[in-house]
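I am opening a fresh notebook page for this one. Come along while I look things up, one entry at a time.

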Amino acid sequence: MRNNTPIIFDVPPTFKVEAIVGQGAYGAVCKAEFCGDLVALKKIPHYSKSEDSARRVLREVEILQKLQFCEQVVGCRLFFRPVSKEKDVYVAMDYVTSDLSSVIKNTTIQLDENIIRYITCQLLLAIRALHRCCVLHRDVSTRNILVQSNSQIFLCDFGLSRFFDPDEQLSFGVVTQWYRAPEIILDAEYSYPSDVWSVGVILGELLLRRHLFPGKANDSANQLNLIFHLVGTPPPGCSTRAARSSGRV
């Protein structure tokens, strides 16, 4: 059953909340005015309800702060907890009006070769910055790429991101399904190339102006079949190695 409880942003009077612009599993985002500027204010409720939840939120904030040197990562203004309800945490970021998914769907917006090259180059610069800081984004998709009218992009939503340690087991089921690399679909070991795969899928969508691998929801076999149909099947032994790495053989 859908929860119709209104979302309340318990913020200082320096913030003037205007409208809810997004909502997901890990919180909600509103458009707000702050010190004369528009910001995207992300509310993460009950961040301390479990150790895993608290760790995830703190990691997201730490990664955002660490990447502020990168022009292609969304700007983070500040984060805070309200006095009245310390179980919530808020992150104020630069507000950008559109995302790449909306741009691709809007046929009145021209996407010529130069614009596609410019967007892709910026996205690769963002991914390079993340990987040089040992960060995996793990959800690079058109909805998580903000776009200004001059085609400047900003990578956002680091809720699934984490620092990469080759000695630690990474969780599966990450990345929006249509942008998910085959090794993640197969529950095999993965690392930095999984983010690059997502960039490749996005490049295809920019060129075609449609989804490249629109698989059926929660259907891994269908998702893999779409990939294999377009790029070919993996070499012999590849699926066996993937199964071994996930402990299924």
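**Entry 1: a helix near the end of the chain**

I began with helix H5 and asked what its buried residues pack against. They pack against helix H2 (100-105), H3, E7, strand E8 (145-147) and helix H4 (182-185). I kept in mind that this is a predicted model.

Next I listed the buried residues of H5 themselves: Ser194, Asp195, Ser198, Val199, Val201, Ile202, Gly204, Glu205 and Leu206. I also checked the length of helix H5 (residues 193-208): at 1.5 Å a residue its 16 residues should span 22 Å, and the end C-alpha atoms are 23 Å apart, which agrees. Just past H5 comes Arg209, and I noted its positive phi, near 60°.

**Entry 2: the last helix I looked up**

Helix H6 (residues 220-231) has 12 residues. From first C-alpha to last I read 16 Å, close to the 16 Å expected at 1.5 Å a residue. Which residues of H6 are buried? I found Asn222, Gln223, Leu224 and Ile227. Their cover includes H4 and H5, so H5 from my opening entry turns up again here.

**Entry 3: the sheet**

I then traced the strands. Five of them, in the order E1-E2-E3-E5-E4, form an open sheet with antiparallel pairing. Strand E1 (15-24) and E4 are the edge strands, each pairing on one side only. From one strand to the next, the twist averages 25°.

I went through the pairs one by one:

- E1 and strand E2 (residues 27-34) pair antiparallel over 8 bridges, and Lys16 has Glu33 in E2 as its bridge partner.
- E2 and E3 are antiparallel too, joined by 7 bridges; here Ala28 has Lys43 in E3 as its bridge partner.
- E4 and E5 run antiparallel with 4 bridges between them, and Cys76 stands opposite Met93 in E5.

I paused at the turn between E2 and E3. These two strands form a hairpin with 2 residues between them, and Cys35 in that turn has a positive phi of about 55°.

A reminder to myself for reading such strands: in a regular strand the side chains alternate between the two faces of the sheet.

**Entry 4: the helix that meets the sheet**

Helix H1 (residues 51-66) was next. I counted 16 residues and a reach of 22 Å between its first and last C-alpha, close to the 22 Å expected at 1.5 Å a residue. Its buried residues are Ser53, Ala54, Arg56, Val57, Glu60, Val61, Ile63 and Leu64. What covers the buried residues of H1? The cover includes strand E3 (37-44), strand E4 (76-80), strand E5 (89-94), strand E7 (135-136) and strand E10 (162-163).

A second reminder, this time for helices: an α-helix has 3.6 residues a turn, so residues three or four places apart point the same way.

**Entry 5: the nonpolar cores**

The largest nonpolar core has 55 residues. Those with the most contacts inside it are Leu64, Leu100, Leu123, Leu155, Phe158, Ile202 and Leu206. Helix H3 (residues 113-132) gives the most to this core, with 7 residues. Why does the core lie between domain 1 (19-94) and domain 2 (98-231)? I put it down to both domains giving residues to this core.

I picked Leu123 for a closer look. Leaving out residues up to four places away in sequence, Leu123 touches Val140, Ile145, Ile153, Leu155, Val199 and Ile202. Apart from the largest core lies another one, of 12 residues, and among them are Val11, Phe80, Tyr90 and Ala92.

**Entry 6: two loop residues**

Is Ser151 buried or exposed? Its relative accessible area is 14%, and because buried means under 20%, Ser151 counts as buried. I found Ser151 in the loop between E8 and strand E9 (153-155). Not counting residues up to four places away in sequence, Ser151 touches Ile115, Tyr118, Ile119 and Gln122.

My other choice, His46, sits in the loop between E3 and H1. With a relative accessible area of 41%, His46 is partly exposed. Beyond its neighbours within four places in sequence, His46 is in contact with Ser53, Lys87 and Asp88. I ended with a distance: His46 and Tyr118 are 72 residues apart along the chain, and their C-alpha atoms are separated by 39 Å.

How values were computed
Residues are numbered from 1 along each chain as its sequence is written. This is a predicted model: local features need pLDDT of at least 70, side-chain atom pairs count only at pLDDT 80 or more; totals for chains, interfaces and linings use all residues. Side-chain values use heavy atoms; hydrogens and water are left out. The expected span of a helix is 1.5 Å times one less than its number of residues. Buried means under 20% relative accessible area, exposed over 50%, partly exposed in between (1.4 Å probe, protein chains only). Contact means heavy atoms within 4.5 Å. Two strands pair if DSSP finds at least two bridges between them. Axes are lines fitted to C-alpha atoms, for helices over the stretch in contact, and angles run from 0 to 180 degrees between N-to-C directions. A nonpolar core is a set of buried Ala, Val, Leu, Ile, Met, Phe, Trp, Tyr and Cys residues joined through side-chain atoms within 4.5 Å. Domain bounds come from an automatic or database domain assignment.
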